[in-house]
Amino acid sequence: MTAITIHCLGAFRDLGDCFTVETSDVSVASIRAAVSRHLVEINRSDLDGVLKRSVFAEGEELLKDHVTVSGHEVSLLPPVAGG
Amino acid sequence: MDLFARNEGERYLCGLIDGPCQTSDLDVFVQDPAHGAIAQFFGVVRNHNEGLSAAAVDYDVHPELALKALSELCLDVCSDYPVKLVMIHSRGLVRVGEASVVIAASSAHRKDALGAVSDAIDQLKIRVPIWKKEIGPDDEQRWLDGHSLRKD
């Protein structure tokens, strides 16, 4: 298992600045599934709909679900609403 | 303006600022003796949204990604229109009546400047990693929904 630190932005800030999940592999899809399980564990499954519409980023790169991350930290970006 | 992140190209300046944006002297960034038109847009926090009262908006920003997205947006707008362009967005608390985003464009003739500003704000809202937490008059808070950046 690999520990991945999730940096929170937007609506996920309600969970703190960051949290950690354990994944069996480091694909973005697996990290997304681990975050979804984490939301259930902390009784915040109300954020699961936002999670489905969110994108993960590593550094300055937005990641699609089929790719794997190279490090142990990603940012979780919910739908954007600037302006 | 005291920007904490900025990027500058041949024909554009974009950046992020803590707190509200200044709305004065924005035209200085885009003045050009060959340009006869300057268009400006100020996005200002209003006192209501979706039937609820609002006192302020707290803007959350991913600085690196937001600056990258703003820079790419400026390049796109400058390739679509023959303009000089400036775009600044706030981070943190912006109260009702204060500006959270300012955009100015100059061009030889008005249609390009007006079109550039209109496209810039439309695209900013769906491309730049910035999030709004609306704060009500009794300090109640809610994150506003937005546009997904997910491509798969």
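Select B:Glu134 first: this residue is buried, with a relative accessible area of 6% (buried means under 20% relative accessible area, exposed over 50%, and partly exposed in between, with a 1.4 Å probe and protein chains only). The model on screen is predicted, so local features need pLDDT of at least 70 and side-chain atom pairs count only at pLDDT 80 or more, while totals for chains, interfaces and linings use all residues. Residues are numbered from 1 along each chain as its sequence is written, chains are lettered from A and ligands numbered from 1 in the order in which they are written, and side-chain values use heavy atoms, with hydrogens and water left out.

**Around B:Glu134**

Show the backbone as a cartoon. B:Glu134 belongs to strand β9 of chain B, residues 130-135 (helices, H or I with at least four residues, and strands, E with at least two, are DSSP runs numbered from the N terminus). Now add the side chain of B:Asn49, which is joined to that of B:Glu134 by a polar contact of 3.0 Å. A polar contact is a pair of N or O atoms within 3.5 Å; within protein, one must be able to donate a hydrogen and the other to accept it, and residues adjacent in sequence count only if both atoms are side-chain atoms.

Which residues are in contact with B:Glu134, leaving aside its neighbours within four places in sequence? They are B:Asn49, B:Ala54, B:Ala56, B:Glu140, B:Gln141, B:Arg142 and B:Leu144 (contact means heavy atoms within 4.5 Å).

**On to B:Glu98**

Select B:Glu98, in the loop between β7 (84-95) and β8 (99-107) of chain B. B:Glu98 counts as partly exposed, at 28% relative accessibility. Apart from residues up to four places away in sequence, B:Glu98 touches B:Pro20, B:Gly43, B:Val44 and B:Val45. Pick the C-alpha atoms of B:Glu98 and B:Gln22 as well: they are separated by 8.7 Å, and the two residues are 76 residues apart along the chain.

**Cysteines**

How many disulfides does a search of the whole structure find? The search finds 0 over all chains (a disulfide is a pair of cysteine sulfur atoms within 2.5 Å). Select B:Cys21, which is in no disulfide; its nearest cysteine sulfur belongs to B:Cys14 and is 13 Å away. B:Cys78 is likewise in no disulfide, with the sulfur of B:Cys74 the nearest, at 6.2 Å. B:Cys78 is buried, with a relative accessible area of 8%.

**Where the chains meet**

Colour the two chains separately. Here 26 residues of chain A are in contact with 29 residues of chain B. The area buried between the chains is about 2,200 Å², and carbon and sulfur atoms give 55% of that area (buried area is the accessible area, with a 1.4 Å probe, that two parts lose on being put together, summed over both). On the chain A side, select A:Glu60, A:Val80 and A:Gly83: these lose the most area to chain B, together 31% of what that side buries.

Across this interface there are 18 residue pairs in polar contact, both residues at pLDDT 80 or more. In chain A, the elements that give two or more residues to the side touching chain B are β3 (55-58), β4 (61-63) and β5 (73-77). By class, that side has 10 nonpolar, 7 polar and 9 charged residues. Ala, Val, Leu, Ile, Met, Phe, Trp, Tyr, Cys and Pro count as nonpolar, Asp, Glu, Lys and Arg as charged, and the others, Gly among them, as polar.

**Salt bridges**

Side chains of opposite charge can pair when their charged atoms come close. The structure holds 13 salt bridges over all chains (a side-chain nitrogen of Lys or Arg within 4 Å of a carboxyl oxygen of Asp or Glu). The interface of chain A and chain B has 3 salt bridges.

Select A:Asp65 and B:Arg150, whose side chains meet in a salt bridge at 2.9 Å, N to O. A:Asp65 also forms a salt bridge with A:Arg32, with the closest N and O atoms 2.8 Å apart. This pair links distant parts of the chain, 33 residues apart: A:Asp65 is in the loop between β4 and β5, and A:Arg32 is in helix α1 (residues 28-41). A:Asp65 is buried, at 13% relative accessible area, and A:Arg32 counts as buried at 9%.

Add B:Asp152, which meets B:Arg150 in a salt bridge at 3.0 Å, N to O. B:Arg150 counts as partly exposed at 25% relative accessibility, as does B:Asp152 at 45%. With these selected, the view holds a network of salt bridges linking A:Arg32, A:Asp65, B:Arg150 and B:Asp152.
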